[in-house]
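This report goes through one protein model, from a pair of charged side chains to the sheet and the surface. The sequence and the structure come first.

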Amino acid sequence: MPTLELHLRSIAQTDLAFLRALYATTRADEMASTGWTQPAIDAFLAQQFDAQHRYYQEHYHDAQFSLICHRGQAIGRLYVFRGPNTLNLIDIALLPEWRRHGIGTRYLQALTLEADESGKAIRLFVESDNPARRLYERFGFVVTGNNRVYLQMQRSASTPHAQEVPA
């Protein structure tokens, strides 16, 4: 892959169609096993995205809601809430063709460096079978809770593994 020219920009109301489509890609495998018609899947995913988006906006109103862009084109999202003692990685997601190119690693390295420098832990929630869980574990995240849908994972500040992860 050529040099990645990445940057973050705040989401805008005009980005909702992209964000809805991105969300759908994160649930494609799950939806494929439902046996539902495509219109039913589309309606379900639109409802789920709208509920998630509304929840994030209401409960994390001070969060940084960003698009991950490559050469100005949206390719993913990164949502982070910076609390007094903890950074909450609310969500990181990339379009399928941009996954496994080190982009998530790059942004996770930046967050762990920020957390270490400010003496904060990082907390996130992930489904137990999500491939990103392995990435989080390489960065020193450990499971601290399980609500049967998501695992809560946390990384304390200054975890030694953070600098050892390849870019």
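Aspartate 91 and arginine 77 form a salt bridge in this predicted model, with 2.4 Å between the closest N and O atoms. Aspartate 91 belongs to strand E4 and arginine 77 to strand E3, so the pair ties together parts that are 14 residues apart in sequence. Both aspartate 91 and arginine 77 are buried. Side chains of opposite charge can pair when their charged atoms come close.

The structure holds 8 salt bridges. Three of them, including the pair just described, are listed here.

| Salt bridge | Closest N to O distance |
|---|---|
| Aspartate 91 and arginine 77 | 2.4 Å |
| Aspartate 15 and arginine 9 | 2.8 Å |
| Arginine 71 and glutamate 5 | 3.4 Å |

In the pair of aspartate 15 and arginine 9, aspartate 15 counts as buried because its relative accessibility is 7%, under the 20% limit. Arginine 9, at 34%, counts as partly exposed. Arginine 71 and glutamate 5 link distant parts of the chain, 66 residues apart. Arginine 71 sits in the loop between E2 and E3, and glutamate 5 in the segment before E1. Arginine 71 is exposed at 54% relative accessibility, while glutamate 5 is partly exposed at 43%.

Strands E3 and E4 also pair through their backbones. Strand E3 covers residues 73-82, strand E4 covers residues 86-94, and 7 bridges join the two, which run antiparallel. Across this pairing, tyrosine 79 stands opposite aspartate 91.

How many strands form the sheet, and in what order? There are 7, in the order E1-E2-E3-E4-E5-E7-E6, in an open sheet with mixed pairing. Strand E1 (6-10) and strand E6 (142-146) each have a single partner strand, so one side of each is left without a neighbour in the sheet. From one strand to the next, the twist averages 30°.

Helices pack on this sheet. Helix H1 (residues 16-26) touches strand E2 (64-70), E3 and E4, and its direction makes about 85° with that of E3. Helix H4 (residues 103-118) lies across E1, E2, E3, E4, strand E5 (121-126) and strand E7 (151-155). Its direction is at about 170° to E4.

Helix H3 (residues 38-59) contains phenylalanine 49. Is phenylalanine 49 buried or exposed? With a relative accessibility of 1%, phenylalanine 49 counts as buried. Leaving aside residues up to four places away in sequence, phenylalanine 49 touches Leu16, Leu19, Arg20, Tyr23 and Arg77. Arg77 is the arginine that forms the salt bridge with aspartate 91.

The remaining points concern loops and the surface. Most residues other than glycine have a negative phi. Arginine 100, in the loop between E4 and H4, has a positive phi, near 65°. Arginine 148 also has a positive phi, near 75°, and lies in the loop between E6 and E7. Arginine 100 is exposed at 70% relative accessibility, and arginine 148 is exposed at 82%.

Arginine 100 is 32 residues from alanine 132 in sequence, and their C-alpha atoms are 9.8 Å apart in space. Alanine 132 lies in helix H5 (residues 132-138) and is partly exposed at 21%.

The loop between E6 and E7 also holds tyrosine 150, which is partly exposed with a relative accessible area of 37%. Together with Phe125 and Val149, Tyr150 forms a nonpolar patch on the surface with about 290 Å² of accessible area.

Technical notes. Residues are numbered from 1 along each chain as its sequence is written. This is a predicted model: local features need pLDDT of at least 70, side-chain atom pairs count only at pLDDT 80 or more; totals for chains, interfaces and linings use all residues. Side-chain values use heavy atoms; hydrogens and water are left out. Two strands pair if DSSP finds at least two bridges between them. Helices (H or I, at least four residues) and strands (E, at least two) are DSSP runs, numbered from the N terminus. Axes are lines fitted to C-alpha atoms, for helices over the stretch in contact, and angles run from 0 to 180 degrees between N-to-C directions. Contact means heavy atoms within 4.5 Å. Buried means under 20% relative accessible area, exposed over 50%, partly exposed in between (1.4 Å probe, protein chains only). Patches are made of residues with over 30% relative accessible area and no salt bridge: like charges are joined within 9 Å, nonpolar side chains (Val, Leu, Ile, Met, Phe, Trp, Tyr) within 5 Å. Accessible areas come from the Shrake-Rupley method with a 1.4 Å probe; for residues, only the protein chains shown count as cover. A salt bridge is a side-chain nitrogen of Lys or Arg within 4 Å of a carboxyl oxygen of Asp or Glu.
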